[in-house]
Amino acid sequence: MSDEGNEAAALRIRPAEPQDAEAMHAAILDLAGHLGQQAKIRSTAEDFRRYGFGPEAAFSGLIAEVDGEFAGLCLFFPIFSTWLGRPGVYVQDLFVDERFRGRRIGESLLRAVASWSRKRGGVYLRLAVDTENVSAHGFYERVGLAWLQTDREHGAYGEAFLALAGPDETRHEDMQ
């Protein structure tokens with residue numbers, strides 16, 4: 001897939017591969033640094049390799065390259081709307097290296113992910129944006145992703161997640 005315009009003639013978007021794990025992790029560190037939250041990153045490149053590839057991958061990824069150089073990535077996974085009765089896709093992370101911004105690479109990555117979902121019956125795309133990331137808010141609105149005033153994201157992390165999950169020996173028969 002390629003972007004429009006002369007600048008993007010060398011843009012290539014391809015599926016992420018295990019050997020991309022270091023570049024993917026570095027991009028997430030860069031993204032966190034942009035938000036002043038790099039100290040919160042606990043993941044490693046090995047986590048990306050372990051959980052992003054193989055028959056039970058927890059996420060999928062697309063890599064954007066310009067003239068063979070890493071320019072950005074989009075990490076995502078399938079979701080399902082019980083209200084719509086249809087699948088969709090959740091974008092966990094979208095990153096474009098600062099050197100390549102302004103070339104519509106982020107938009108191209110989102111379009112590629114939406115297309116990936118649509119080919120699988122998907123009818124929607126969701127993502128969350130850090131409240132302090134004002135430039136991202138504007139970008140998403142420009143490409144047609146509306147801010148949902150009716151939704152509020154909730155999460156359980158760390159001790160709260162462990163308390164919710166209960167003891168390790170607790171197994172639900174239908175989930176094994």
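Q: Starting with D93, which strand does D93 lie in?
A: In this predicted model, D93 is a residue of strand β4.

Q: And is D93 buried or exposed, and what about a charge partner?
A: D93 is buried and yet makes no salt bridge, since the closest side chain of opposite charge belongs to R101 and is 12 Å away, whereas a salt bridge requires the nitrogen and the carboxyl oxygen to be within 4 Å.

Q: What is D93 in contact with, then?
A: If we leave aside the neighbours within four places in sequence, D93 is in contact with I28, L31, L73, C74 and L75.

Q: Does I28 turn up anywhere else, say, which core includes I28?
A: Let me take the largest core before that one. The largest nonpolar core has 21 residues, and among these V91, I105 and L109 touch the most other members. Its residues come from several elements, with at least two each from β1 (11–15), β2 (60–66), β3 (69–81), β4 (86–96), α3 (105–118) and α4 (134–142). Helix α3 gives the largest share of this core, which is 5 residues. To return to I28, a second core, separate from the largest, has 15 residues and includes A16, I28, A45 and F70.

Q: You mentioned L109; which residues is L109 in contact with, away from its sequence neighbours?
A: With neighbours within four places in sequence set aside, L109 is in contact with I13, L62, I63, A64, G72, L73, C74, L94 and F95. Two of those names, L73 and C74, also appear among the contacts listed for D93.

Q: Changing topic to pockets: what volume does the second largest pocket have, and which residues lie nearest its centre?
A: Its volume is about 210 Å³. The lining of the second largest pocket consists of 15 residues, and P15, G61, L62, F76 and W116 are the ones nearest the centre.

Q: Which elements supply that lining?
A: Strands β1 and β2 and helix α3 each supply at least two residues of the lining of this second largest pocket, and the largest share, 3 residues, is that of β2.

Q: Now the salt bridges; how many are there?
A: The count comes to 10 salt bridges, and I can go through a few of them, including one network.

Q: Start with helix α2: what do E46 and R49 do there?
A: The side chains of E46 and R49 form a salt bridge, with an N to O distance of 3.1 Å. The two residues are 3 residues apart in helix α2 (residues 45–52), so about one helical turn separates them. E46 is partly exposed at 45% relative accessibility, and R49 is partly exposed as well, with a relative accessible area of 27%.

Q: What about helix α3, where R111 and E107 lie?
A: Those two side chains meet in a salt bridge at 2.9 Å, N to O, and R111 and E107 are 4 residues apart in helix α3, which is about one turn. Here R111 counts as exposed at 55% relative accessibility, while E107 counts as buried at 12%.

Q: Which salt bridge links distant parts of the chain?
A: One that does so joins the side chains of R126 and D151, at 2.8 Å from N to O. R126 is in strand β5 (residues 125–127), while D151 is in the loop between α4 and α5 (158–165), and the two are 25 residues apart. R126 is partly exposed, with a relative accessible area of 32%, and D151 is also partly exposed, at 38% relative accessibility.

Q: And the network, which residues are in it?
A: The salt bridges there link R12, R14, D20 and E65 into a network.

Q: Last thing, the backbone: where do D67 and R104 lie, and what is phi for each?
A: D67 lies in the loop between β2 and β3, and its phi is near 50°, a positive value although D67 is not a glycine. R104 lies in the loop between β4 and α3, and R104 likewise has a positive phi without being a glycine, near 65°. For background, most residues other than glycine have a negative phi.

Q: Are those two buried or exposed?
A: D67 is exposed, with a relative accessible area of 64%, whereas R104 is partly exposed, with a relative accessible area of 40%.

Notes:
Residues are numbered from 1 along each chain as its sequence is written. This is a predicted model: local features need pLDDT of at least 70, side-chain atom pairs count only at pLDDT 80 or more; totals for chains, interfaces and linings use all residues. Side-chain values use heavy atoms; hydrogens and water are left out. A nonpolar core is a set of buried Ala, Val, Leu, Ile, Met, Phe, Trp, Tyr and Cys residues joined through side-chain atoms within 4.5 Å. Buried means under 20% relative accessible area, exposed over 50%, partly exposed in between (1.4 Å probe, protein chains only). Contact means heavy atoms within 4.5 Å. Lys and Arg count as positive and Asp and Glu as negative; His and the chain ends are not counted. On a 1 Å grid over the protein atoms alone, a cavity is a set of points where a 1.4 Å probe fits but cannot get out, and a pocket is an open set with protein on both sides within 12 Å along at least five of seven lines; lining residues have an atom within 4 Å of a point. Grid points are joined across faces, edges and corners, and a volume is the space filled by probe spheres set on the points.
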